[in-house]
Amino acid sequence: MAANEEHAVSVGAEAKAANAGHGADGPVGPMETFKYDDAIVRKFMGVTVLWALVAFLVGLIVALELIVPVATTYEVAGFRPFAFLAPLSFLVDTKWLTFGRLRPLHTNAAIFAFAGNAIFAAIYYSTQRLCKARMWSDKLSNLHFWGWQLIIVLAALSLPLGLTQGKEYAELIWPIDLLIALVWAGVFGTNYFMTLRVRRERHMYVALWFYAATIITVAMLHVFNSLALPASLTRSYPVYAGVQDAMIQWWYGHNAVAFFLTTPFLGLMYYFMPKAAGRPVYSYRLSIIHFWSLIFIYIWAGPHHLHYTALPAWASTLGMLFSVMLWMPSWGGGINGLLTLRGAWHKLTDDPILKFFVVGVTFYMMSTFEGPMLSIKSVNALSHYTDWTIAHVHAGALGWNGFLAFGMIYWLLPRLYQTPLFSKKLAEWHFWLATLGILLYIIPIYFGGITQGLMWRAFDQTGTLQYPDFVETVMRLMPFYGIRVIGGTLYFLGTILLAYNLVRTWMKRPKVYDEPVYSAPRLLPFADPAAPAFKTRLPDNIGLGKKGDVLVQHITSVWWHRAWEARPAKLAILSFLAVATASALELIPTFLIRSNVPTIASVQPYTPLELGGRDVYISEGCYNCHSQMIRPIWAETKRYGDYSKPGEFVYDRPFQWGSRRLGPDLAREGGLRSNIWHVLHFENPRQTSPQSIMPAYPHLLKDEIVWEEIDRSVLTHAMLGVPYPKEVRDGLSTQLAQTQAKAIADDIVAAGGPAGLENKQVVALIAYLQRLGTDINKPAPAAPAAATPVASTAP
């Protein structure tokens with residue numbers, strides 16, 4: 001089956017089959033000639049390496065940003081190991097280079113630029129050969145290429161400017177979201193499925209199934225997660241709020257990993273690994289089980305990211321159960337990949353391509369064992385919000401996706417540039433640098449994450465928190481962060497070697513590429529084959545057992561699946577039904593059953609100024625370091641206060657529960673600290689917390705509040721159902737916001753702080769922070785004043 005794409009049959013034999021009017025897999029028409037479009041593959045392969053360099057460099061920068069703030073103060077036995085990094089302090093003082101703005105750029109570049117372009121290179125190369133057909137439209141192929149690069153450039157420009165939707169892995173603003181939908185579904189999807197329609201190979205190989213499921217599911221995930229109402233060209237608010245927004249986001253977030261970083265790379269594995277090994281895929285039947293069980297089970301797993309949060313317990317438990325089940329198909333696919341090398345293991349000694357593939361699949365199996373383990377509630381209670389999750393994600397992204405992409409690129413280079421690889425030795429060096437780099441990255445961060453979790457929940461003999469000062473737990477991570485930078489640097493250096501190897505191979509290319517002309521008969525319509533007539537293998541005296549035996553023979557013969565493989569539309573529809581049905585069964589009850597989100601009468605809409613401050617919070621990417629979700633765990637309630645309730649978040653668009661704590665949780669931040677403390681903290685966090693690794697935000701004391709944007713935000717929220725009174729919707733919002741801003745600014749001056757902040761963004765952000773978690777303790781307002789926003793000026 002792995003050799004479907006090979007033109008093993010001679011032209012004479014093909015012509016004979018065509019003249020006979022019937023091939024081995026159904027009726028065929030006259031012979032047709034065609035060429036493959038390798039130019040588009042060369043383009044995607046080239047930018048894959050380019051964006052890999054960008055993604056990994058930005059990753060190194062954000063890793064350094066967690067050390068640089070304390071470079072001159074962190075000591076170990078009187079020695080300051082990071083003092084040499086002090087000149088990089090501009091990284092945490094420049095607003096468009098702060099961690100909160102660059103981390104989303106790093107994740108988007110790694111996922112959608114590096115991995116995305118690697119996916120497209122793999123699909124465009126393998127699909128043509130598996131279908132014995134050129135891509136349906138060269139124009140659509142090129143429109144896809146340039147459209148996707150435009151999306152990446154827009155992301156690289158907008159995210160450092162603070163233009164974000166504030167949703168992890170879905171930060172890009174709504175105009176870019178529309179462009180993604182157009183390029184992915186309208187251009188790429190159309191070109192792919194039309195290519196399947198005009199293919200000259202009747203049966204579709206397993207890689208094509210995974211590609212089809214990827215295109216369908218990613219389109220569905222992106223569209224539903226991106227449903228939002230624009231307030232301006234750069235700002236929008238999701239149609240979902242609070243608990244429902246969290247549910248939809250992690251349905252998307254987890255399955256973005258599943259169907260962008262897993263299923264297409266499994267297709268890549270099923271095509272390129274057998275080619276590199278010179279062996280057929282180990283088991284066709286196992287690939288069927290792997291495909292269908294994976295796409296159906298994976299889509300349920302998202303809620304395990306929300307254990308012990310305000311999400312209904314039934315939903316997160318359901319996510320956990322399916323996550324644990326996911327281990328089986330994942331390892332089935334990994335085993336299928338590794339056993340493909342049976343009889344070819346000796347090639348690993350001198351073939352860097354196979355080394356990359358084998359280590360990549362090994363990391364896949366490690367990650368897909370660890371993922372289900374982390375979904376178990378008792379384990380997740382320790383790991384969630386810690387760097388353990390960061391290590392897990394990077395093991396998958398750098399180990400699985402990175403190594404498979406690198407192996408594919410080295411295999412493609414001599415074939416696409418039609419010249420030998422410039423240096424096999426450099427490829428070997430790349431492999432060992434990347435392997436050592438990823439180990440030095442993830443192992444210290446695993447230790448750091450577990451250390452974090454244990455310190456957060458540690459109590460002394462008196463029953464009080466052993467580490468009540470959050471920053472103490474952060475300082476314990478500094479050695480691990482230092483080793484991580486070394487590992488990331490090695491991984492980045494390996495990618496530089498790949499880029500150099502690519503350029504030098506490209507320089508040896510022929511002046512004109514050879515474009516072989518291939519021949520294959522055109523496929524004609526055909527009827528589905530009749531079911532084979534199986535006979536029971538059991539004695540006559542076993543009645544029901546005989547029927548069961550026949551059924552088992554039908555299932556295990558997989559003749560029915562061979563018939564599906566000849567029908568791309570049927571396969572696509574069944575794939576869509578598998579993921580859509582599972583999604584609907586999980587998501588719809590969260591929206592329709594009111595008891596999932598009990599209302600709290602004292603929880604009121606944000607005031608206009610607080611809403612503007614929330615926009616600043618999102619723009620600065622504060623959710624990358626702070627959570628707003630106190631779990632019902634004794635250590636957390638002792639540290640932060642009462643656990644979070646579902647009804648507290650009904651006006652949160654988007655939700656800001658976060659997924660990592662580099663700083664303390666903020667769900668009960670309101671009223672804990674004075675306004676002047678917040679001013680000093682934003683101006684330079686080291687003024688209030690000498691060991692803080694938070695960036696400085698002096699620009700917030702200078703940047704003006706745009707009152708018109710607050711007006712638009714209030715109106716947009718009102719359109720989404722937030723019960724603002726008519727006078728607020730009709731223009732009173734600016735006056736209310738300015739009144740509250742002046743009250744906060746006057747309080748800052750009275751405490752000895754700077755004057756003239758009443759029009760500055762810092763005041764709006766302070767108003768928002770001082771509101772967090774305070775409604776839960778207020779008495780329920782009497783109707784009809786329930787919808788009137790109450791200004792909060794906290795001391």
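## Overall build

The protein has 25 helices and four strands. Its radius of gyration is 29 Å, close to the 28 Å that the globule rule gives for 795 residues, so the protein is as compact as a globular protein of that length. The model described here is predicted. Along the principal axes, the C-alpha trace spans about 95 × 60 × 55 Å.

Contacts in this chain mostly link distant parts of the sequence: among those between residues at least 6 apart, 82% join residues at least 24 apart.

## Burial, surface and charge

Of the 795 residues, 60% count as buried. The accessible surface of the protein comes to about 30,500 Å², and carbon and sulfur atoms account for 67% of that area.

The side chains include 63 positive and 52 negative ones. The centres of these two sets lie 9 Å apart.

## Cysteines

A disulfide is a covalent bond between the sulfur atoms of two cysteines. The structure holds zero disulfides. For Cys622, the nearest cysteine sulfur is that of Cys625, 7.9 Å away. A disulfide requires the two sulfur atoms to be within 2.5 Å, so this pair does not count as one. Seen from the other side, Cys625 is likewise in no disulfide, and its nearest cysteine sulfur is that of Cys622.

Cys622 is buried, with a relative accessible area of 14%. Cys625 also counts as buried, at 15% relative accessibility.

## Backbone features in loops

Most residues other than glycine have a negative phi, and most peptide bonds are trans. Several places in this model depart from that pattern, among them a peptide bond before a proline and two tyrosines.

The peptide bond between Arg653 and Pro654 is cis, with omega at about -5°. Pro654 lies in the loop that runs from helix H21 (634–640) to helix H22 (675–683).

## Two tyrosines with positive phi

Where along the chain is Tyr169 found? Tyr169 sits in the loop between helix H4 (138–158) and helix H5 (174–197). Phi of Tyr169 is near 70°, a positive value in a residue other than glycine. Tyr385 has a positive phi as well, near 75°, and is found in the loop between helix H12 (377–383) and helix H13 (387–416).

Are these tyrosines buried or exposed? Buried means under 20% relative accessible area, so Tyr169, at 13%, counts as buried. Tyr385 is buried too, with a relative accessible area of 1%.

## Surroundings of Tyr169

Which residues does Tyr169 touch, leaving aside those up to four places away in sequence? The contacts are Thr107, Ile111, Phe112, Trp250, Tyr252 and Gly253. One of these, Ile111, is 58 residues from Tyr169 along the chain, and the C-alpha atoms of the two are separated by 8.6 Å.

How values were computed: Residues numbered from 1 in each chain as written. Predicted model: local features only at pLDDT ≥ 70, side-chain atom pairs only at ≥ 80, totals over all residues. Heavy atoms only, no water. Rg over C-alpha atoms; globule rule 2.2 N^0.38 Å. Buried < 20%, exposed > 50% of the residue type's maximum accessible area, 1.4 Å probe, protein only. Contact = heavy atoms within 4.5 Å. Areas by Shrake-Rupley, 256 points an atom, 1.4 Å probe, with all protein chains shown as cover. Lys, Arg positive; Asp, Glu negative; His and termini not counted. Charge placed at Lys NZ, Arg CZ, Asp CG, Glu CD.
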